[in-house]
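This report walks through selected elements of a protein model, sheet by sheet and residue by residue. Please keep the sequence and the coordinates at hand while reading.

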Amino acid sequence: MAHTTTDKLVLALDTGTTSARALVVDSSGAVLASAQQEVGLDTPQPGWVEQDAEELWRAQLATARAALEKAGVPVARVAGIGIANQRETTVVWDRTTSRPVAPAIVWQDRRTADDCERLRGAGAEALVRRKTGLLLDPYFSGTKLRWLLDHVPGVRERAAAGELAFGTVDTWIAWRLSGGGRAHVTDASNASRTLLYDIHTGVWDDELLGLFGVPRALLSEVVDSSGVVGESDPALLGASLPIAGMAGDQQAALFGQACTRRGMGKVTYGTGCFLLLTTGEHPVTAPPGLVSTVALQLGGRRTYALEGSVFIGGAAVQWLRDGLGIVGSGAEATALAESVTDSDGVVFVPALAGLGAPYWDPYARGGMFGLTRGTTAAHLARATLEGIALQVADLYQAEADGAGVAPQEVRADGGAAASDLLLQVQADLLGVPVVRSGQPEATALGAAWLAGLATGVWSGIEEVAGLWSAGATFLPQAGAAGDLRRRWRAAVDGVRGFARETR
């Protein structure tokens, strides 16, 4: 479909962990303009990860304005705004001033590991697993919110009095877009990551609220992932625009990869790595180590997915750049890794924020194994890319073993998916083709599609799925994948054993 000067457009916002980005998308699915701005992370104590929610908002607003300016189109042509967001990150703010009461606690934060262990010891995990599809882990929002209520002076009392609002980042951005308080909403995909929402009944659950000590007065309205839920303040973008789509970043990417049928799956290689498998209109019992989650809610009907989450994916390459200083960019890391034929026996377990699925070990820390006098920076770079792929292979195997189903093709997106070496190693480990998306910004594209569906830019799921295009395909090759997996298992045992012995 050719772009015309009268086509309706969609503005997609993607508030991520390390950057905010915005895309202007036309009715053919083409990206007319984009803008991106990095955002900071603070680590005030070991295991703590925080962000300034105001910085997130300012960066997202700046990128929205920049993308619209680059597109050079009248704002009146924008049919709606779609929002995708880093999930589980927890924000509490004053309803009157719209000012956060404390730094946002980021999804990677592990400060509530002991709280989760106490709840698990009290037998709470069976309840959580049955109602939410999740596990008791610091990753999810419930214990983060409880920590803010219990540790920031006056917050629990003010929350009970109805003075404060809670939200994940989608809720925070929608609140600020709407001028503060005219839209206090979250979609079902984000609600399903909080430990407070029953994925079977589709409501905030009183038993779960009691378990985590969360006043209902804090909570937002749970809405469809596609549907107009408010209007933007006209002073922000030059016109009042419908807020018409919302989804957690991984669910948005699943939709942006057109994985709409049961058995289709994708991996997003972002700050973390996330393998999602569409399971249809009924939640399945997640195998050990994985979670069942809401994929989307459209027209009041929820679809579901199995998910495995790796906390450190592309962030491992950032660590090579910022922590060790041995590369200047992701592309340079791949080039360095490609300069050697293998890692010379080096294995890197990038548990820099604990281990996620399928291990769920918040106490684990990263480890580099097999170092010798002959180890070079190139070997470390290759071991890092292999470590990312090996973590995803663990997720794939857990799905295949526990659920009896695994995708026969995996679609890949995210910044680190630009690495041919990473995707080839991934295909070799999985034994199935890995297909790089033709549009690397699948997360923002999914948010755009959701908003466009709600505002008539596209007629239905079949039409938007037809907009998806494949990039390069990586076919599995016979090689040393077995030896690599064996060394990997020994290395994971090593970092977990070290954590147990040094706690």
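Strand 22 is covered on both faces, with Val 434 and Arg 436 on one side and Val 435 and Ser 437 on the other, all of them buried; buried here stands for a relative accessible area under 20%, exposed for over 50%, and partly exposed for values in between, computed with a 1.4 Å probe on protein chains only. Strands (E, at least two residues) and helices (H or I, at least four residues) are DSSP runs, numbered from the N terminus. The model is a predicted one, in which local features need pLDDT of at least 70 and side-chain atom pairs count only at pLDDT 80 or more, whereas totals for chains, interfaces and linings use all residues. Residues are numbered from 1 along each chain as its sequence is written, and side-chain values rest on heavy atoms, with hydrogens and water left out.

In a regular strand the side chains alternate between the two faces of the sheet.

**The seven-stranded sheet**

Strand 22 belongs to an open sheet of seven strands, in the order 17-18-16-15-21-22-23 and with mixed pairing; two strands are taken as paired if DSSP finds at least two bridges between them. Strand 17 (291–298) and strand 23 (470–474) stand at the edges, and each has a single partner strand, so one side of each is left without a neighbour in the sheet. From one strand to the next, the twist averages 30 degrees, where angles run from 0 to 180 degrees between N-to-C directions, and axes are lines fitted to C-alpha atoms, for helices over the stretch in contact. Strand 21 (residues 410–413) runs parallel to strand 22 (residues 434–437), and three bridges join them. Among these positions, Arg 411 has Val 435 as its bridge partner in strand 22, while Ala 412 has Arg 436.

**The six-stranded sheet and its helices**

A further open sheet has six strands in the order 3-2-1-5-14-13, again with mixed pairing. Its edges are formed by strand 3 (31–38) and strand 13 (226–231), each with a single partner strand, so one side of each is left without a neighbour in the sheet. The twist in this sheet averages 25 degrees from one strand to the next. Strand 13 pairs with strand 14 (residues 242–248) in the antiparallel sense over three bridges, and Ser 226 stands opposite Gly 245 in strand 14. Helix 1 (residues 53–71) packs on the sheet, touching strand 1 (9–15), strand 2 (19–25), strand 3 and strand 5, and its direction makes about 150 degrees with that of strand 3; contact means heavy atoms within 4.5 Å. Helix 15 also packs on this sheet, where it touches strand 1, strand 2, strand 5, strand 13 and strand 14, and its direction makes about 135 degrees with that of strand 1.

Helix 15 (residues 442–454) packs in addition against helix 10 (residues 249–256), at an angle of about 75 degrees and with the axes 7 Å apart. The two helices, helix 10 and helix 15, are therefore roughly perpendicular to each other, a term used for angles of 65 to 115 degrees, with under 35 counting as roughly parallel, over 145 as roughly antiparallel and the rest as oblique. Residues that meet include Ala 252 and Phe 255 in helix 10, and Leu 445, Trp 449 and Leu 453 in helix 15.

**Individual buried residues**

The table sets out four residues with their locations and relative accessible areas.

| Residue | Location | Relative accessible area |
|---|---|---|
| Asp 109 | loop between strand 7 (104–105) and helix 2 (113–121) | 1% |
| Leu 145 | helix 4 (residues 141–151) | 0% |
| Glu 88 | loop between strand 5 (78–85) and strand 6 (91–94) | 2% |
| Leu 195 | loop between helix 7 (188–191) and strand 10 (197–198) | 0% |

The side chain of Asp 109 reaches the backbone nitrogen of Val 49 at 2.6 Å. Not counting residues up to four places away in sequence, Asp 109 touches Gly 47, Trp 48, Val 49, Pro 138 and Lys 144. Leu 145, with neighbours within four places in sequence left aside, is in contact with Thr 90, Val 92, Phe 166, Leu 196, Val 214 and Leu 218.

Backbone geometry adds some further points. Phi is near 70 degrees in Glu 88, a positive value in a residue other than glycine, and Leu 195 likewise has a positive phi, near 75 degrees. The peptide bond from Ala 357 to Pro 358 is cis, with omega near -5 degrees, and Pro 358 lies in the loop between strand 19 (347–349) and strand 20 (367–369).

Technical notes. A polar contact is a pair of N or O atoms within 3.5 Å; within protein, one must be able to donate a hydrogen and the other to accept it, and residues adjacent in sequence count only if both atoms are side-chain atoms.
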